[in-house]
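Good morning, colleagues. I should like to take a few minutes to present one structure, with attention to its aromatic rings and to one helix. Please look at the sequence and the model as they appear.

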Amino acid sequence: MRQAGRYLPAYRRVRERLSFLDLCRNSEAAAEVTVGTVRQLEVDAAIVFADILLPLIPMGLGLRFEKGDGPLIERPIRSVGDVDCLPAVDVGESLSFVAKTIALARTDLGEACPIVGFAGAPFTIAAYAIEGGTSRNFVLAKCMMYREPAAWHRLMTYVAKFTAEYLNMQIDAGAAAVQLFDSWVGCLSESDYRRFALPYVRQVVSAVRSGVPVIYFGTMTGGLLDAMRETGASVIGLDWRVDLGEAWERLGSGVAVQGNLDPVKLFADAADIRTAAREILDRAAARPGHIFNLGHGVLPGTPVDGVRTLIEAVREFG
Ligand code: CP3
């Protein structure tokens, strides 16, 4: 959930000499950011430094990060023809730098600190590929779903296959668990989710090397939790809008949960952060299978002391 990022002075210093994408592609530097952040924060696991949008590069769509504008996809998918033109990609070769980052970080961290690999879930990747960037209402993505369902399903099949290969590559390189980020899936109704997104998450989850936990995270998923349970993921990541205890009741036993502090809480006073951490741990009620985390990524401008206070509080109360 964005362990590294613009809130950290050490990260900002690395970014003075490398653009974001060059940093992702430079495995030595990316491994240093991955490992340095974990050592600084003393968390229990590392998330590899990369981005969910990297696969759009070998897919031939073009990707840029402009200061302040967020990600920009240069050649978004807008038609059936665009879907048909997607290339066959050797994932292991085109994104080998991510495998190398994991392998380097693995050597540095040793066995005590597991590495979490990750990818975007098919819906969120397809939505970016079609919209061309961040979106508010996902009109273009939904138009393809509703008006060109065959093209949508072909695109999702392509993305799901890519994603499964990408995650397995990360596992082979040393990731102990993988997380699927379905950041935008909360824009779907439950029935659209079941029709247009869920089957592809299931495909990815079932293709991941057996025995490796899959964490499936989305935001604004209060209405989707029952369906998300059917993905087969071993952990469901919750955003902060849901009550963790109630959500877990709904999900049932047999699935772990991750979450779910509001990332903006890290801007609050230390005492408030500690109270909020305790409230979440109370909701989890020491049931096995709770991974304490934020309900979304750490935001730029977050005080590092707030992050430290949270980690200490979780250690103390957990
Ligand atoms: O160290 C880590 O935390 C792991 C690396 C990580 C990044 N992105 C690095 C990053 C992870 C796990 C992600 C996931 C990611 N990327 C998601 C899913 C989670 C979520 O936020 O919902 C999404 C949607 C993206 C796409 C993306 N990448 C966005 C929307 C942005 C912000 C663009 C902006 O300018 O505001 C990014 C950039 C990004 N990815 C940064 C980092 C550290 C900031 C880049 C910088 O240095 O300027």
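**Rings, charges and one helix**

R241 lies over the face of W240, at 4.1 Å from the ring centre. A charge is taken to sit over a ring if NZ of Lys or CZ of Arg is within 6 Å of the ring centre and within 35 degrees of the ring normal. R278 is likewise placed over the face of F317, at 4.0 Å from the ring centre.

Before going on, I should say that this is a predicted model, in which local features need pLDDT of at least 70 and side-chain atom pairs count only at pLDDT 80 or more, while totals for chains, interfaces and linings use all residues. Residues are numbered from 1 along each chain as its sequence is written, and side-chain values use heavy atoms, with hydrogens and water left out.

How many aromatic pairs does the structure hold? There are nine. Rings of Phe, Tyr and Trp (its six-membered ring) pair if their centres lie within 6.5 Å; planes under 30 degrees apart count as stacked, over 60 as edge-to-face and the rest as tilted. The ring centres of F118 and F181 are 5.5 Å apart and the planes stand at 90°, so this pair is edge-to-face. It links distant parts of the chain, with F118 in strand 4 (residues 115-120) and F181 in strand 5 (residues 177-182), 63 residues apart. Helices (H or I, at least four residues) and strands (E, at least two) are DSSP runs, numbered from the N terminus.

Both F118 and F181 are buried; buried means under 20% relative accessible area, exposed over 50%, and partly exposed in between (1.4 Å probe, protein chains only).

Y146 and F196 also form an edge-to-face pair, 6.2 Å centre to centre with 70° between the planes. Y146 counts as partly exposed because its relative accessibility is 44%, whereas F196, at 1%, counts as buried.

I turn now to helix 12. Which residues of helix 12 (residues 244-251) are buried? They are L244, G245, A247, W248 and L251. Seen down the helix axis, these fall within an arc of 165° (taken from the directions from the axis to the C-beta atoms), so they line one face of helix 12. The face turned away from that buried side carries the exposed residues E246 and E249. Just after helix 12, G252 takes a positive phi of about 85°.
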